[in-house]
Amino acid sequence: MPHPEGVSNDEFRAALSRLAAGVVLVTAHEEALSADGPGGQDAGMTATAFLSVSLDPPLVLVSVRNGSRMDDLLDEQPLWGVSLLTESQRHIAGRFAMKGRISDRLLFEDIPYRRGEVSGAPLVGGALAVLECRTEQRVVAGDHTLVIGRVLTAELPSVEGGPLTYFQGKYRTLGRG
């Protein structure tokens, strides 16, 4: 069904599926509610709507679905991490993109990661790059919120392999040329 301006959801989705995008895992750590209660929890979300915004200051943007676990968490927790996934980490991207998935605690169970020193967020081992960010601004845009974060740390833990990309509804790798 077309929107008042004419384009339907299906037309929009089909057109934008032709835009190749890098794949990242956005993560954050939710602190424990009380000192004597259970420990905090980690959360993660696969994202393809992630981009560099500014060099000075260093800013990035990620788009999160309104009302999602990650949207709620990033509204409360200003510190978060980003792992730029390699072509060999497709299983991680798929795991954190599943609808109706199991708990985040179980999703992280067998993935090698370390905690960011600044954010406390899980940063995936073997990623092409890992960033730690602090939310600077949140902009509601339709059914998503654009979270703009200042990059506090940037590391290049891996030089092996190429980036994982997303094109026409599938995870892909870059051809070597």
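I looked up the sheet first, in what is a predicted model, and found an open sheet of seven strands in the order E3-E2-E6-E9-E10-E5-E4, with antiparallel pairing. I then checked the edges, where strand E3 (41-47) and strand E4 (50-54) each have a single partner strand, so one side of each is left without a neighbour in the sheet. I also noted the twist, since neighbouring strands of this sheet are turned by 35° against each other on average, with direction ignored.

Next I followed the edge strand E4 to strand E5 (residues 59-65), and I found that the two run antiparallel and are joined by four bridges. I looked up Phe50 in particular, and its bridge partner in E5 is Val62.

I turned to the helices after that. Helix H2 (residues 69-76) packs on the sheet and touches strand E2 (24-30), E3, E5, strand E6 (79-84), strand E9 (129-141) and strand E10 (144-155), while the direction of H2 makes about 55° with that of E2. Helix H3 (residues 90-97) lies across E2 and E3, and I noted that H3 runs at about 105° to E3.

Last, I went to the surface and looked up a nonpolar patch of about 380 Å², which is made by Val7, Phe12, Leu16 and Leu19. I placed Leu19 in the loop between helix H1 (9-16) and strand E1 (21-22). Is Leu19 buried or exposed? I entered Leu19 as exposed, because its relative accessibility is 56% and the cut-off for exposed is over 50%.

How values were computed
Residues are numbered from 1 along each chain as its sequence is written. This is a predicted model: local features need pLDDT of at least 70, side-chain atom pairs count only at pLDDT 80 or more; totals for chains, interfaces and linings use all residues. Side-chain values use heavy atoms; hydrogens and water are left out. Patches are made of residues with over 30% relative accessible area and no salt bridge: like charges are joined within 9 Å, nonpolar side chains (Val, Leu, Ile, Met, Phe, Trp, Tyr) within 5 Å. Accessible areas come from the Shrake-Rupley method with a 1.4 Å probe; for residues, only the protein chains shown count as cover. A salt bridge is a side-chain nitrogen of Lys or Arg within 4 Å of a carboxyl oxygen of Asp or Glu. Buried means under 20% relative accessible area, exposed over 50%, partly exposed in between (1.4 Å probe, protein chains only). Two strands pair if DSSP finds at least two bridges between them. Axes are lines fitted to C-alpha atoms, for helices over the stretch in contact, and angles run from 0 to 180 degrees between N-to-C directions. Contact means heavy atoms within 4.5 Å.
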